[in-house]
Amino acid sequence: MKEYKFKIGDKDYAATVAEREDGTLEVTVDGKIYNVELPERKKAPVPVVKPAVVQAAPVASAPVAAKPAGNAGSNAVIAPLNGKITQILVKAGDTIAAGDTVCMLEAMKMENSITAEFGGTVKAVLVNVGDQVDGGQALVELA
(Lines give C-alpha, C1' and ligand atoms only; values in the text may rest on other atoms or scores of the structure.)
Protein backbone atom coordinates (compact mmCIF):
# COMPACT_ATOMS: atom_id res chain seq x y z
CA MET A 1 0.00 0.00 0.00
CA LYS A 2 1.29 3.45 -0.90
CA GLU A 3 0.39 6.67 0.85
CA TYR A 4 0.17 10.05 -0.85
CA LYS A 5 -0.43 13.62 0.32
CA PHE A 6 -1.49 16.20 -2.24
CA LYS A 7 -3.14 19.57 -2.55
CA ILE A 8 -5.94 20.66 -4.87
CA GLY A 9 -6.46 24.39 -4.77
CA ASP A 10 -6.18 25.32 -1.11
CA LYS A 11 -7.35 21.95 0.25
CA ASP A 12 -4.94 19.22 1.47
CA TYR A 13 -5.77 15.54 0.89
CA ALA A 14 -4.35 12.24 2.16
CA ALA A 15 -4.72 9.10 0.00
CA THR A 16 -3.69 5.46 0.11
CA VAL A 17 -3.53 3.17 -2.91
CA ALA A 18 -3.58 -0.63 -2.63
CA GLU A 19 -3.44 -3.02 -5.59
CA ARG A 20 -5.78 -6.00 -5.51
CA GLU A 21 -5.06 -9.43 -6.98
CA ASP A 22 -7.46 -8.81 -9.90
CA GLY A 23 -5.44 -5.77 -11.02
CA THR A 24 -7.85 -3.14 -9.71
CA LEU A 25 -6.86 -0.49 -7.19
CA GLU A 26 -8.49 0.48 -3.92
CA VAL A 27 -7.94 4.21 -3.49
CA THR A 28 -8.87 5.82 -0.18
CA VAL A 29 -9.05 9.63 -0.12
CA ASP A 30 -9.77 11.26 3.23
CA GLY A 31 -11.48 8.09 4.47
CA LYS A 32 -13.65 7.51 1.37
CA ILE A 33 -12.90 4.32 -0.60
CA TYR A 34 -12.91 4.25 -4.41
CA ASN A 35 -12.51 1.11 -6.55
CA VAL A 36 -10.45 2.03 -9.62
CA GLU A 37 -9.85 -0.02 -12.78
CA LEU A 38 -6.80 0.71 -14.90
CA PRO A 39 -7.07 -1.21 -18.20
CA GLU A 40 -3.27 -1.46 -18.62
CA ARG A 41 -2.91 -2.99 -15.11
CA LYS A 42 -5.75 -5.50 -15.43
CA LYS A 43 -4.25 -8.97 -15.17
CA ALA A 44 -4.82 -11.31 -18.09
CA PRO A 45 -6.89 -14.41 -17.41
CA VAL A 46 -4.87 -17.51 -16.60
CA PRO A 47 -4.97 -19.89 -19.60
CA VAL A 48 -6.18 -23.44 -19.09
CA VAL A 49 -3.58 -25.89 -20.37
CA LYS A 50 -4.62 -29.39 -21.34
CA PRO A 51 -2.30 -32.19 -20.09
CA ALA A 52 -1.32 -33.24 -23.63
CA VAL A 53 0.20 -29.79 -24.30
CA VAL A 54 3.70 -28.81 -23.13
CA GLN A 55 3.07 -26.68 -20.05
CA ALA A 56 4.78 -23.36 -19.42
CA ALA A 57 6.92 -22.95 -16.35
CA PRO A 58 7.79 -19.54 -14.85
CA VAL A 59 11.55 -19.88 -15.12
CA ALA A 60 12.34 -22.80 -17.39
CA SER A 61 10.50 -25.75 -18.80
CA ALA A 62 11.14 -29.28 -17.67
CA PRO A 63 13.31 -31.34 -20.03
CA VAL A 64 11.37 -32.93 -22.87
CA ALA A 65 12.42 -36.50 -23.53
CA ALA A 66 12.84 -37.07 -27.23
CA LYS A 67 11.67 -40.46 -28.48
CA PRO A 68 13.72 -42.75 -30.67
CA ALA A 69 12.91 -42.41 -34.36
CA GLY A 70 10.31 -44.81 -35.62
CA ASN A 71 12.53 -46.26 -38.37
CA ALA A 72 13.74 -49.80 -37.64
CA GLY A 73 17.45 -49.83 -36.89
CA SER A 74 17.54 -46.07 -36.43
CA ASN A 75 18.98 -44.77 -33.16
CA ALA A 76 18.03 -41.12 -33.43
CA VAL A 77 16.83 -38.55 -30.95
CA ILE A 78 13.85 -36.83 -32.55
CA ALA A 79 12.03 -33.55 -31.92
CA PRO A 80 8.95 -34.13 -29.77
CA LEU A 81 7.32 -30.97 -31.18
CA ASN A 82 7.75 -28.26 -33.82
CA GLY A 83 10.17 -25.47 -32.97
CA LYS A 84 13.49 -23.72 -33.56
CA ILE A 85 16.86 -25.13 -32.49
CA THR A 86 18.51 -22.53 -30.23
CA GLN A 87 21.47 -24.53 -28.89
CA ILE A 88 23.22 -27.82 -29.64
CA LEU A 89 25.00 -29.39 -26.67
CA VAL A 90 26.61 -32.46 -28.29
CA LYS A 91 28.89 -33.20 -31.22
CA ALA A 92 29.87 -36.27 -33.20
CA GLY A 93 31.91 -38.65 -31.05
CA ASP A 94 30.38 -37.58 -27.70
CA THR A 95 29.09 -40.36 -25.44
CA ILE A 96 25.75 -39.59 -23.84
CA ALA A 97 23.53 -41.33 -21.31
CA ALA A 98 19.76 -41.61 -21.19
CA GLY A 99 18.38 -38.31 -19.90
CA ASP A 100 21.27 -36.16 -21.17
CA THR A 101 20.23 -32.92 -22.90
CA VAL A 102 21.31 -32.95 -26.55
CA CYS A 103 19.85 -29.60 -27.66
CA MET A 104 17.51 -26.75 -26.78
CA LEU A 105 14.36 -26.18 -28.81
CA GLU A 106 12.23 -23.04 -28.65
CA ALA A 107 8.55 -23.79 -29.08
CA MET A 108 5.57 -21.62 -28.16
CA LYS A 109 7.97 -18.94 -26.80
CA MET A 110 9.51 -21.44 -24.36
CA GLU A 111 12.95 -23.05 -24.23
CA ASN A 112 12.68 -26.84 -24.02
CA SER A 113 15.55 -29.17 -23.12
CA ILE A 114 15.53 -32.07 -25.56
CA THR A 115 16.90 -35.14 -23.80
CA ALA A 116 17.94 -38.53 -25.09
CA GLU A 117 15.68 -41.39 -24.09
CA PHE A 118 18.60 -43.81 -24.38
CA GLY A 119 22.38 -43.59 -24.28
CA GLY A 120 25.02 -44.09 -26.93
CA THR A 121 27.73 -42.37 -28.96
CA VAL A 122 26.74 -39.41 -31.12
CA LYS A 123 27.19 -40.51 -34.73
CA ALA A 124 25.93 -37.26 -36.29
CA VAL A 125 24.18 -34.04 -35.39
CA LEU A 126 21.49 -33.63 -38.05
CA VAL A 127 20.44 -30.01 -37.34
CA ASN A 128 22.06 -26.61 -36.89
CA VAL A 129 21.33 -23.73 -34.52
CA GLY A 130 18.52 -21.66 -36.04
CA ASP A 131 16.91 -24.57 -37.92
CA GLN A 132 13.12 -24.87 -37.78
CA VAL A 133 12.25 -28.49 -37.08
CA ASP A 134 9.05 -30.50 -37.16
CA GLY A 135 7.82 -32.83 -34.44
CA GLY A 136 9.16 -36.28 -35.32
CA GLN A 137 12.21 -34.95 -37.16
CA ALA A 138 15.55 -36.62 -36.30
CA LEU A 139 17.92 -34.24 -34.48
CA VAL A 140 20.86 -36.42 -33.40
CA GLU A 141 21.85 -39.87 -34.63
CA LEU A 142 23.38 -42.28 -32.11
CA ALA A 143 25.58 -45.30 -32.79
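Select Lys109 first: in this predicted model the residue is exposed, with a relative accessible area of 83%, and it sits in the loop between β9 and β10. Its backbone deserves a look as well, since phi of Lys109 is near 65°, a positive value in a residue other than glycine.

Keep the loop in view and add Met108, which is found between β9 (101–107) and β10 (110–116). Met108 is likewise not a glycine and has a positive phi, of about 55°. With a relative accessibility of 54%, Met108 counts as exposed, because the cut-off for that class is over 50%.

Next, move to strand β1, which covers residues 2–8 and includes Ile8. Ile8 is exposed, its relative accessible area being 54%. Display the side chains of Tyr4 and Phe6 along with that of Ile8, and you will have a nonpolar patch on the surface, for which the three residues together offer about 290 Å² of accessible area.

From there, turn to the open sheet of 4 strands, and colour the strands in the order β6-β13-β11-β8, in which the pairing is antiparallel. At the edges are β6 (76–78) and β8 (95–96), each of which pairs on one side only. Then isolate β11 (residues 120–125) and β13 (residues 138–142), which pair in the antiparallel sense over 3 bridges. Within this pair of strands, select Ala124 and look across to β13, where Glu141 stands opposite.

Glu141 also leads to the next stop, which concerns charged side chains. Side chains of opposite charge can pair when their charged atoms come close. How many salt bridges does a search of the whole structure find? The search finds 2, and both can be visited in turn.

For one of them, show the side chains of Lys123 and Glu141, which meet in a salt bridge with an N to O distance of 3.7 Å. Lys123 lies in strand β11 and Glu141 in strand β13, so the contact ties together parts that are 18 residues apart in sequence. The two partners can also be viewed with the surface switched on: Lys123 counts as exposed at 53% relative accessibility, whereas Glu141 is partly exposed, with a relative accessible area of 27%.

For the other, select Lys91 and Asp94, which form a salt bridge whose closest N and O atoms are 3.2 Å apart. Lys91, with a relative accessibility of 54%, counts as exposed, and this residue is a suitable place to end the tour.

Definitions and conventions: Residues numbered from 1 in each chain as written. Predicted model: local features only at pLDDT ≥ 70, side-chain atom pairs only at ≥ 80, totals over all residues. Heavy atoms only, no water. Patch = residues over 30% accessible without salt bridge, like charges linked within 9 Å, V, L, I, M, F, W, Y side chains within 5 Å. Areas by Shrake-Rupley, 256 points an atom, 1.4 Å probe, with all protein chains shown as cover. Salt bridge = Lys/Arg side-chain N within 4 Å of Asp/Glu carboxyl O. Helix = DSSP H or I, 4+ residues; strand = E, 2+ residues; numbered from the N terminus. Buried < 20%, exposed > 50% of the residue type's maximum accessible area, 1.4 Å probe, protein only. Pairing = 2+ DSSP bridges.
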